[in-house]
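Biologist: Could you take a close look at one helix for me, and then show me the sheet in that part of the model? I'd like the details joined up rather than a list.

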Amino acid sequence: MKKGGIVELELTGLAAEGKAFGKLEGKVIFVPFGHPGDVVRVRLLKVKSSFCEGIILEWVQRSEDRVEPKCGHFGHCGGCKWQHVAYESQIQAKQQQVIDQLERIGGLEFPQAQPILGSPSPWEYRNKLDFSFSTGRWLTAEQIKSQEQFPQEGACGFHVPGRFDKVLEIDHCWLMGSEVNQIRNLVKTKARARGWNFYHPYQHVGHLRNLVFRSNKKGDLLIWVIVGPDAESSLMEFLTEIAAEIQDRHRIVYSINSKKNDALHDLEVQTFRGEAFITETLGEVSYSISPQSFFQTNPVQAEIMYRTVQQLAGLTGTERVYDLYCGTGSIALFLASQASFVLGIEYVQEAVNDAFLNAKRNGIEHVDFLAGDMKMLLNGETVQKYGLPDVVVVDPPRAGMHEDVIHRLLEIKAKILIYVSCNPATQARDLALLSPGYRIDVVQPIDMFPHTHHVENIVRLTLVE
Ligand SMILES: C[S@@+](CC[C@H](N)C(=O)[O-])C[C@H]1O[C@@H](n2cnc3c(N)ncnc32)[C@H](O)[C@@H]1O
């Protein structure tokens, strides 16, 4: 087998990174967009001693279990890469992925994993999407072959993975409701009608740059229009025109981005209609989410996840809880009604500011939040000030926890430790390091992102006395 070579094989499984795989001559071969049961001809792009990566040139036989992808952009857009896999099979693959990683990476012993909590709505589940406008339109191989003429102004949609200058035109994205698609297309049409240009990624000129939507479970929208300085003089007129065609309950904010980069977190946000945040309710807590703040992107599953954490924590009202890597304090506030005190620790100061604001808005006083690096803040001084916790919840980023934090947790010896993870591989590594002091007693996978390979996993550990 050599790079550039073509092989034929049957695919037999789905791998952790979302690709399908099959085996040939003792090597595992990974390909995107395959399905177990497919027989495919593959061009090898990477050949290593134990595995290869390739692309499918042709299907010799398609698995009977494949399903028709719902989205017209499937195969071109960077998201929703598992649409050809039935949702039930997706979540079974995720369940197996969690078990495999805990066993293989962590070498861990644990009771049988709970059945994965699938998303009740596998479509239109997101509460946030960020569309880009660019003069650099990405044309698919089929579009190039068709020799059709495409509009000159560029595209409004999502960046093609790895290409800051190329955007795939999106007609309909199934991750948010149809109103979002209508409004995006309305903004595009109105901009064209007034001769506005999309942003040029090299010349740094143009009117429209980004359009960000946030929603809540009730269907309210916060629409954030980001333009370049070229649009400043006619922006109010443009927004008035747009607002006239959008339901009054939807809020509209805007920013003028005169930077060369597309980062949104440092932009000044101005209000055009309504307040500059959207409110979401999970459990009994109401969270105010501003355009730039972090919030779980699948609110229905976030509520299920937080309830699961609450049940696993077994709180009775007397416990002291630490919520580590707390983001905007969502878990801390969710648990507060059943705890005597909750401390949240988080790296990002702005997220901690949001956590304080949300605590205040909900009248929750028995919480505190600290901003800084976990390995510095989770120290003897903090524990002395706030007291030893009975329950610790950790929800670290994909990289998992720093070893120093794990050692500190082993010293703190909370009776219950709940580890929420968006990366079961690093979770397995960390759990192995925790194993001298803790025993795993519940493993609960949960699917927050249907049609992607991402899986969240909640593990409850109890202290080994
Ligand atoms: C998965 S998110 C937590 C989300 C939160 N629990 C929620 O449900 O909204 C992980 C958080 O860890 C924070 N973080 C990353 N590295 C950190 C560190 N070294 N110290 C403290 N917080 C950190 C990130 O800023 C992020 O907010």
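Modeller: Sure, and keep in mind that this is a predicted model. Let's start with helix α10, residues 403-412, whose buried residues are Val405, Arg408 and Leu409. They span an arc of only 105 degrees around the axis, so they sit on the same side of α10. That fits the usual helix arithmetic: with 3.6 residues a turn, positions three or four places apart point the same way. Flip to the other side of α10 and you find Glu403 and Glu411, both exposed. As for what lies over the buried residues of α10, the cover includes α8 (374-377), β19, β20 and α11 (424-434). Right after α10 comes lysine 413, with a positive phi near 55 degrees.

Now for the sheet. β19 and β20 belong to an open sheet of 7 strands with mixed pairing, in the order β18-β17-β16-β19-β20-β22-β21. The edges are β18 (367-371) and β21 (438-446); each has a single partner strand, so one side of each has no neighbour in the sheet. On average, neighbouring strands here are turned by 15 degrees against each other, ignoring direction.

Zooming in on β19 (residues 391-394), this strand runs parallel to β16 (residues 320-324), and 4 bridges join the two. One pairing to click on: aspartate 323 has valine 393 in β19 as its bridge partner. Helices pack on this sheet too. Helix α5 (residues 299-313) touches β19, β20 (416-421), β21 and β22 (456-463), with its direction at about 10 degrees to that of β22. Helix α7 (residues 349-361) touches β17 (341-346) and β18, and its direction makes about 170 degrees with that of β18.

Key. Residues numbered from 1 in each chain as written. Predicted model: local features only at pLDDT ≥ 70, side-chain atom pairs only at ≥ 80, totals over all residues. Pairing = 2+ DSSP bridges. Axes fitted to C-alpha atoms, helices over the stretch in contact; angles between N-to-C directions. Contact = placed C-beta atoms within 7 Å. Buried ≥ 20, exposed ≤ 12 C-beta atoms within 10 Å, placed from the backbone. Arc of directions from axis to C-beta.
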